[in-house]
Amino acid sequence: MKYRILLLVAAVSLIAAACGGDSDPTTTTAAPGDGGTSAAPGEVIDIDFWVAFSDEARLGFAEDRAAEFNTKHPEYNIEVTSFASYNDAFDAAVLAVDSGEPPGIIHFFEAATRQALDAVGADGNPIFKSVTEAIAGRSEILGEPVVLDSVVSAARDYYTVDGSFYSMPWNTSTTVMFNNMDMLKAAGVNEPPETWGDVEDACEAIMGMADAPSGCITWPNHSWFVEQSLGQQGELLGNADNGRSGRATEVYLESDGMLNYVGWWKELADNGYYTYTGLQRDWDGTSNAYIAEEVAMLIYSSSDTTFFDENTTFDNQASFMPRNEDVAYVGNLIGGATLWMLDGMDTATQDGALAFMNFFSNPANAAAWHQLTGYVPITQDAVDLLQGEGWYDESPNSKVASDQLAAAENTPASLGALLGNFVGIRDVITIAIEDILVNDLDVATRMAQANEEANKSLSEYEQLYGG
Amino acid sequence: MLIIGLVGAALVGPLYTWRNSDTVSVRRFGIASAVAVAGAAVSPIAMGQCGFAAEATGVDALFAYGLMAGGALLALMALQALFDRADGKVKESTAMAGEIRTGGYRMGWWVPWLLLSPTLIILLVFLYRPAVETFTLSTQLTRLGAPKSVDVCFSNFTEVLIDNPFKLVLYPLLAIGAVYGARFWTRRSLPGSASHRAAGVASVAAMLSVFVALYAMFSPGGGGQIAYRPIYINTVIISVGIVALGMIGGLAVAYLAFRDIRGGTLYRTLLIWPYAISPAVAGVLFFMIFDPTAGVFTHVMDSWFGIDVPNYREHAVLAQGAIILASAWKILGYNILFYLAGLQTVPIDQIEAAVIDGASAWQRFTKIVLPALSPITFFLLVTNLTYAFFEVYATIDFMTKGAPAGKTSVAIYEIIRVGVNNGDLGRGAAQSVLLFIAVIGVTLWQFRTSGSRVSYGGA
């Protein structure tokens, strides 16, 4: 009898322990001070800042700025969490909103702007709040000057949707070409190539040298380069002005601009000029090939300008991304990511998040970020500051990206597309290009197939999100 | 359309009971008929009869009938268990378990359930509920953070298959027919005769015909269908390669390391290390070895032997070979561990007797060691195959990302690419259901074929 009671007690306590473990988080979620209500005076307000960088330099930059802000504003505590990729951070944020513990700010990339605007929580409300709307015309928040008006036009135009900044620009770059001038000059080419024809001529000269490298040029098989080329040639990727005058419901992967570019790419590969590393989105492999002098030219993101300046042992010169000489140049677009503020914070918390984002991109911080990486200085004030310090005379390569963006016309083509399911569509494009490069397929046929897949993908997205 | 299915179930119910029960009665036939209809009706009710809708294709209807048949069969099997209990027909093994269980019944029927409940709750929350949700998701078009989702019936499944319902029924029937035909032939022919040997060949051919049937059932793409056939081929090649290389290599190394060697314990411990490495790290390691720019292997081949090694990621065979090598190497330590343990159970007296009888080392290995190891081999076959199906994503993602042009994209890689990276939850779920069915199918098949040949020693 005694034994039986003991057994029962044990069983009951086990169940209690199991259920207790489950119910604990629920209690915390319901606790006051977390969502709707304001924090009591004197209490430190925590704001989670999710960053999609995991390398020491860039994540470290964010952590250092957060620490500085926390010292300056002791009533706030900005807590940086690192994620492996933009998608990981975004998925985690959507789930966190549904479970009631969202972060304050997340770092999300340009191609998913449409997806971020469309995202809703389980209650059907948008997850993010427009920063323009939240700032509401103030020129400073908690003593931090608002820098939104000073944002350089390329980034402003890209991220302005329906006349307002939804997110706060941070890391912004464009594609530039890095040239091994020692090698080019040895082959008798004294200036970096500007057009597709120039590239072919330079490659012919380089590959004709006695000690020719294994290839002439490389760049990652990433859809961003395709989009850049479409912008240069003034071609749209999606309808409704690249999704900027309305929702894009159709993509054009068979346009002349697309076929020109992919055709040129394949021709370079067929001639042995273009080195394909064999991996999609291979930033490391292409960068290594350039540093190891296995190729003379590298088309890449300007975000690594400082890295190439510091890590090359040859004369490394940056230049504009080569363009198609047969059509008029329209403009290159930006790439990178912005900071999105989550909706549903109380006024004090939201002001803290806004103040931090403006502090994060104040002229000194924006200039330091540019110098650390090569991402363009995000505000005109930061450009002026760098100019005053003589930075551009010291490192002329760092100016190329800003100059290229300034040379662009402000048209829907050169602004870049806002598309639903852009990540999936990009995947369709890179797979098609890999297929063309590796299996020697006909460009028009394969892109027609890709076009069909991409349009199916977009129409399914619009079925879920569109009107 | 729906009525045909339900009437069919009503007829099959009594038939099933008649075939399986000791005692038959009109009442039982009636119950069986009703239960079969109820089982068959579950899926059309849950899915709103979408498989029979006006715009549904023949393949949709096929799926709907398939689910109805499955539901009816499950219901009948459960019913049969009740009938058997009523008949007092309990199998020997269950009878033994029953004797042990009686202790619990003295305290009331609910006590065992109470004691089990912590485990059951955890299983329900973390295993069964997600599994059921996967099945629900697989019939939807949906994304994370989307304001709504759309029911798409079976289209996430039908789009990876060919669109001819008759062929979809015919091919598996032919393959099953071939397998049973070969088995029948093997049983009827005398062991040692030419006919028996021919039957052995036919069994292998029949086994291969299952792969061929599946190949023919998956869509080659085009016409709005997803090209799943190449993914199926990649999965078969890479999984079979990993399992074969991993197990043969594991046994070979374990057999060598099992001898008495100075420092053998340390040496054997070191052999197991690769197992402690994650699939991602294995991918990075082999990437570093074979990378055309920075790779050690390519560098050595080029500078020492003057051989220009091509970029493995641009050639299907090399890329698949590299994935197989990296994944087999990673599982090798695990296989060695189990084979080392297994080798200790090989009866020494039999080997000594064989030596006296003049059996060669190879004969001793194939006639004594291998059969003694068969339980281990069987266990490893299942675990290695599960590994090859489910855990190669990270290795592939680091080594090839599916290159060249999807030639190393296996089922699990495709699931994560579609479902996680592209956020298409419905298709991802549907493809994981396919993989789930594949693993269940392969495991059942192994239990039926190799299971019967496994010797656990003893009687």
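In this predicted model, A:Arg281 has a relative accessible area of 32% and is therefore classed as partly exposed. The residue belongs to the loop of chain A that joins helix 11 (256–270) and helix 12 (283–291). Its backbone angle phi is near 50 degrees, a positive value in a residue other than glycine.

A:Asp241 also has a positive phi, near 50 degrees, and is likewise not a glycine. This residue is found in helix 10 of chain A, which covers residues 239–243. Its relative accessibility is 36%, so A:Asp241 counts as partly exposed.

A further aspartate, A:Asp326, is placed in the loop between strand 13 (316–320) and strand 14 (335–342) of chain A. Because its relative accessibility is 68%, A:Asp326 counts as exposed; the cut-off for this class is over 50%. A:Asp326 is one of the residues that form a negative surface patch. The other members of the patch are A:Glu191, A:Glu194, A:Asp198, A:Asp201, A:Glu204 and A:Glu325.

The accessibility values of these residues are set out below.

| Residue | Relative accessibility | Class |
|---|---|---|
| A:Arg281 | 32% | partly exposed |
| A:Asp241 | 36% | partly exposed |
| A:Asp326 | 68% | exposed |

Chain B contributes a feature of the peptide backbone. The bond from B:Ala403 to B:Pro404 is a cis peptide bond, and its omega angle is near -5 degrees. B:Pro404 is located in the loop of chain B between helix 17 (393–399) and helix 18 (411–421).

Note on methods: Residues are numbered from 1 along each chain as its sequence is written. Chains are lettered from A and ligands numbered from 1 in the order in which they are written. This is a predicted model: local features need pLDDT of at least 70, side-chain atom pairs count only at pLDDT 80 or more; totals for chains, interfaces and linings use all residues. Side-chain values use heavy atoms; hydrogens and water are left out. Patches are made of residues with over 30% relative accessible area and no salt bridge: like charges are joined within 9 Å, nonpolar side chains (Val, Leu, Ile, Met, Phe, Trp, Tyr) within 5 Å. Accessible areas come from the Shrake-Rupley method with a 1.4 Å probe; for residues, only the protein chains shown count as cover. A salt bridge is a side-chain nitrogen of Lys or Arg within 4 Å of a carboxyl oxygen of Asp or Glu. Lys and Arg count as positive and Asp and Glu as negative; His and the chain ends are not counted. The place of a charge is taken as NZ of Lys, CZ of Arg, CG of Asp or CD of Glu. Helices (H or I, at least four residues) and strands (E, at least two) are DSSP runs, numbered from the N terminus. Buried means under 20% relative accessible area, exposed over 50%, partly exposed in between (1.4 Å probe, protein chains only).
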